[in-house]
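Biologist: Could you take one residue that I have in mind and look at it closely for me? After that, please walk me through the other parts of the model that you find worth a look.

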Amino acid sequence: MFEKIALVGIGLIGSSLARVIHREGLARHVAISTRSETTLARARELGLGSSYTMDAKEAVRDADLVIVSVPVGSSGEVAEEIAPALKQGAILTDVGSTKASVIAQMQPHVPDGVHFIPGHPLAGTEKSGPDAGFAELFENRWCIFTPLPGTDPDALERLSEFWRRCGSNIDTMDPQHHDMTLAIVSHLPHIIAYNIVGTADDLESVTKSEVIKYSASGFRDFTRLAASDPTMWRDVCLHNKDAILEMLARFSEDLASLQRAIRWGDGEKLFDLFTRTRAVRRSIIEAGQDIDVPDFGRQAVEHPAKQ
């Protein structure tokens, strides 16, 4: 599809893209850039690209497609750095979990004639780094674009087709709507997981309660989310603050209602809530976004990184 693709950042998403680009033959040349010498060396050892550099400007020079895969707080800095080297007609996109903030950071630096199309593949695991990636990461997952007014439709279609060939389904949203949606389906669950695992860790040290040793499946599943990249999730919280705070407020209100139901022995209300939420789980399975096998498929998944 492209003569040259530049991947700025080679963590879980970037390295998975490198693998699927190679598998599907989506580019003649894949240029990889990262600021860490160790990470760059590992990417070279894994054979993820055609060229490797710590100079992002060099990586994006003459690239037809540039994919910025860095923590959202670094998006503006990266855009400013690579802007002078972006060629006319190139497509510039990102994979950040927040969109309004990324647009505000990157758009001022995008040169005329470069097609900036913010994006977000809804795919990932708790693992990070170039070793964590795998080509199947994006299969039957959603990639959401938040196109800016005046976006070239041909460029949007070309980028959409790229993600389709990576295995993704495509949708478009307004940036603010994206950020509110992701606040509830992704950001809030991670924040709750970080919080409950932190609480358990406090209990472990204070009461010697052995909560780690005797972790049941529910707590174990929280720890998977809470093992996600701290830098990435720090930036998500800081750069989607308003939407996250609104969702936290709504969650706190619902939690207080649940607390009252338990306190007053309102079994009917508890049963109704648990029945409704069980139906949500079933709808996720029917939508093909998870598998309905025992233990959430831990024994059935071919690739451990998917767990």
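As what does R220 count, buried or partly exposed, and at what relative accessibility?

Modeller: Happy to, and please keep in mind that this is a predicted model. R220 counts as partly exposed, at 32% relative accessibility. The reason is simple: 32% is neither under 20% nor over 50%, so R220 falls in between. You will find R220 in helix α8, which covers residues 217-226. To get a feel for distances, take G25, which is 195 residues away from R220 along the chain. The C-alpha atoms of R220 and G25 are separated by 38 Å.

From there, let us move to another helix, α7, which runs over residues 175-207 and holds H178. H178 has 0% relative accessibility, and because that is under 20%, H178 counts as buried. Leaving out residues up to four places away in sequence, H178 touches S97, T98, K99, H120, I144, T146 and M173. The side chain of H178 also makes a polar contact of 2.9 Å with the side chain of D179.

Next comes strand β3, where two residues are worth comparing. S51 is found in β3, and Y52 lies in the strand too, which spans residues 51-53. Y52 has a relative accessible area of 18%, which is under 20%, so Y52 is buried. S51, with 26%, is partly exposed because its value lies between 20% and 50%.

The contacts of these two residues can be listed in turn, setting aside sequence neighbours within four places. S51 touches H29, V30, A31 and I32. Y52 is in contact with I32, L40, A43, R44 and G47. The side chain of Y52 also reaches two backbone nitrogens: that of G49 at 2.8 Å and that of L48 at 3.3 Å. Two C-alpha separations help to place the strand. Y52 and T34 are 18 residues apart along the chain, with 8.4 Å between their C-alpha atoms. S51 and D112 are 61 residues apart, and their C-alpha atoms are separated by 27 Å.

Now for the interior. In soluble globular proteins, nonpolar side chains tend to be buried together. The largest nonpolar core here has 37 residues, and those touching the most other members are I5, L7, L17, I21, F138, F162 and W163. Several elements each supply at least two residues of this core: β1 (2-8), α1 (12-24), β2 (27-33), α2 (37-46), β4 (65-68), β8 (142-145) and α6 (153-165). Helix α1 gives the most, with six residues. If you would like one member to zoom in on, try L7: beyond its neighbours within four places in sequence, L7 is in contact with G14, L17, A18, I21, V30, A31, I32, S33 and I67. Apart from this core lies another, of 23 residues, with V8, V66, V68 and F116 among them.

F116 leads us on to a pocket. The second largest pocket has a volume of about 220 Å³. Its lining is made up of 14 residues, and V110, V114, H115, F116 and L148 are the ones that lie nearest its centre. Sorted by class, the lining has seven nonpolar, five polar and two charged residues.

Finally, a look at the backbone in two loops. Most residues other than glycine have a negative phi, and most peptide bonds are trans. D62 has a phi near 70°, a positive value in a residue other than glycine. D62 is found in the loop between α3 (56-60) and β4. With a relative accessible area of 53%, D62 is exposed, because that value is over 50%. N140 likewise has a positive phi, near 60°, and is a residue other than glycine. The loop that holds N140 lies between β7 (119-121) and β8. N140 is partly exposed, since its relative accessible area of 35% falls between 20% and 50%.

To come back to your question, R220 sits in α8 and counts as partly exposed, whereas H178 in α7 counts as buried.

Key:
Residues are numbered from 1 along each chain as its sequence is written. This is a predicted model: local features need pLDDT of at least 70, side-chain atom pairs count only at pLDDT 80 or more; totals for chains, interfaces and linings use all residues. Side-chain values use heavy atoms; hydrogens and water are left out. Helices (H or I, at least four residues) and strands (E, at least two) are DSSP runs, numbered from the N terminus. Buried means under 20% relative accessible area, exposed over 50%, partly exposed in between (1.4 Å probe, protein chains only). Contact means heavy atoms within 4.5 Å. A polar contact is a pair of N or O atoms within 3.5 Å; within protein, one must be able to donate a hydrogen and the other to accept it, and residues adjacent in sequence count only if both atoms are side-chain atoms. On a 1 Å grid over the protein atoms alone, a cavity is a set of points where a 1.4 Å probe fits but cannot get out, and a pocket is an open set with protein on both sides within 12 Å along at least five of seven lines; lining residues have an atom within 4 Å of a point. Grid points are joined across faces, edges and corners, and a volume is the space filled by probe spheres set on the points. Ala, Val, Leu, Ile, Met, Phe, Trp, Tyr, Cys and Pro count as nonpolar, Asp, Glu, Lys and Arg as charged, and the others, Gly among them, as polar. A nonpolar core is a set of buried Ala, Val, Leu, Ile, Met, Phe, Trp, Tyr and Cys residues joined through side-chain atoms within 4.5 Å.
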